[in-house]
Amino acid sequence: ISKHLPSEFINYVFVNGFLNATLSDDSDNLLEIAELTENDFESNQASVENKLLNFAQAFLSKKVSLKIAKGKAVEKPIQLLFVQTSKTPSFSSEKLQIHLEEAADAKIIVKSMNLSAGAPSALNLNINVKSEYNSNLKLIQLQNEKSDSYHFSQTRIVMASSSQLTSLVVTLGNKLVRNYYELDFKGQSANAQVYGLSVLDGEQHVDNYTFLKHSLGGNDSAQHYKSILSGSSHSVFRGRVRIEQDAQKANSSQLNNNLLLTRSAQADSIPQLEIFADDVKAGHGSTVGQ
């Protein structure tokens with residue numbers, strides 16, 4: 001594991017769901033492991049991922065909270081490494097809460113991996129992000145488990161006025177991956193750049209579902225997801241943008257590019273725009289090619 005812990009990062013290592021204090025750094029009390037409360041089990045019945053989320057939460061025993069204080073800029077990237085080492089088939093569920101207070105600045109990497117040979121595993125990772133006024137977050141999710149493993153993630157982000165977000169979801173390993181990504185603009189003059197990259201082979205399957213909601217106006221969002229596919233791999237991208245009636249002056253773009261290296265590889269692209277305001281800029285595009 002140590003080779004995955006660069007010294008220029010603040011590292012927190014979870015092995016089979018438990019924080020490993022020996023491998024983890026102790027830095028400014030950024031991380032807290034807390035007991036669950038009733039509010040942690042509240043869910044939106046209309047959410048696309050509600051049933052899967054309810055199933056995953058049934059296995060929770062704790063939550064991991066990462067809080068960046070008001071006005072604080074964390075110089076080093078923060079890496080949360082989730083490692084599974086079970087010698088028998090296993091399922092684990094993790095809940096991660098990230099809170100950036102006003103004018104906070106942080107770079108966060110959430111990485112998952114599997115070190116067990118011949119033991120398939122499944123991981124459900126629920127990430128909730130709250131970005132307050134004028135905060136700046138760079139968030140990377142790196143999924144690199146073994147080729148017989150399953151990965152499910154639900155990422156929900158709420159952005160306040162003048163907040164900035166750059167996020168990237170990278171999928172390299174895994175037999176089956178389902179990523180649900182939901183972002184809601186609750187303020188104005190905020191900006192979100194959302195990226196994704198999948199590099200697939202064999203019979204790997206990756207499903208990316210994004211839902212960007214402009215609840216208020218004057219915000220900018222851009223999505224760009226790419227897939228490189230060989231073997232009989234299969235990627236699915238469903239990008240949904242909803243611009244509400246009160247979200248005038250919203251600006252949204254969406255692009256999905258897919259590169260097929262073999263005849264048996266397959267890519268499905270489903271861009272969606274739901275526009276209820278009349279003074280917006282919104283567009284989408286998709287390519288699938290050899």
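## A walk through strands, cores and holes

Start by selecting Ser189, which sits in the loop between strand 12 and strand 13 (191-200); strands here are DSSP E runs of at least two residues, numbered from the N terminus (helices would be H or I runs of at least four). Before you go on: this is a predicted model, where local features need pLDDT of at least 70, side-chain atom pairs count only at pLDDT 80 or more, and totals for chains, interfaces and linings use all residues. Residues are numbered from 1 along each chain as its sequence is written, and side-chain values use heavy atoms, with hydrogens and water left out.

**Two loop residues with positive phi**

Back to Ser189: its phi is near 60°, a positive value in a residue other than glycine. Most residues other than glycine have a negative phi. Ser189 counts as partly exposed because its relative accessibility is 48%; the cut-offs are under 20% relative accessible area for buried, over 50% for exposed, and partly exposed in between (1.4 Å probe, protein chains only).

Next, pick Asn174 in the loop between strand 11 (164-171) and strand 12. Its phi is positive too, near 75°. Is Asn174 buried or exposed? With a relative accessible area of 1%, Asn174 is buried.

**Along the sheets**

Now colour the open sheet of 10 strands, which has mixed pairing and the order 2-1-5-7-9-11-13-15-17-19. Its edges are strand 2 (18-19) and strand 19 (281-289), each paired on one side only. Two strands count as paired if DSSP finds at least two bridges between them. Zoom in on strand 13 and strand 15 (residues 220-229): they run parallel and are joined by 10 bridges. For one pair to click on, take Val199, whose bridge partner in strand 15 is Ile228.

Then move to strand 16 (residues 234-243), where 8 of the 10 residues are buried. Strand 14 runs parallel to strand 16 and is joined to it by 10 bridges; His205 has His234 as its bridge partner in strand 16. Strand 18 (residues 266-275) also runs parallel to strand 16, again with 10 bridges, and here Arg240 is bridged to Gln272 in strand 18.

Gln254, in strand 17 (residues 251-260), is a good next click. It counts as buried because its relative accessibility is 4%. Leaving aside neighbours within four places in sequence, its contacts (heavy atoms within 4.5 Å) include Phe237, Arg240, Gln272 and His284.

**The cores**

Which residues touch the most other members of the largest nonpolar core? Among its 42 residues, they are Ile78, Leu80, Ile98, Ile108, Val110 and Leu183. A nonpolar core here is a set of buried Ala, Val, Leu, Ile, Met, Phe, Trp, Tyr and Cys residues joined through side-chain atoms within 4.5 Å. Select Ile78 and show what surrounds it: not counting residues up to four places away in sequence, it touches Ile10, Tyr12, Leu30, Leu66, Ile68, Lys107, Ile108 and Ile109. A second, separate core has 7 residues, including Leu200, Val206, Leu229 and Leu260.

**The holes**

For this stop, the search uses a 1 Å grid over the protein atoms alone: a cavity is a set of points where a 1.4 Å probe fits but cannot get out, a pocket is an open set with protein on both sides within 12 Å along at least five of seven lines, and lining residues have an atom within 4 Å of a point. Points are joined across faces, edges and corners, and a volume is the space filled by probe spheres set on them.

The structure holds 3 cavities of 30 Å³ or more. The largest has a volume of about 50 Å³; its lining includes Gln141, Ser153, Asn179, Tyr181 and Tyr209. By class, that lining splits into 5 nonpolar, 7 polar and no charged residues, where Ala, Val, Leu, Ile, Met, Phe, Trp, Tyr, Cys and Pro count as nonpolar, Asp, Glu, Lys and Arg as charged, and the others, Gly among them, as polar.

The second largest cavity, about 40 Å³, is lined by Phe14, Asn16, Gly17, Phe82, Val83, Gln84, Ser92, Glu94 and Leu123. Strand 5 (78-84) gives the most to this lining, with 3 residues.

Keep Asn16, Gly17, Ser92 and Glu94 selected and add Ser93: these five lie nearest the centre of the second largest pocket, which has 14 lining residues. Its volume is about 200 Å³. Strand 6 (residues 90-100) supplies the largest share of the lining, 5 residues, and the lining as a whole has 4 nonpolar, 8 polar and 2 charged residues.
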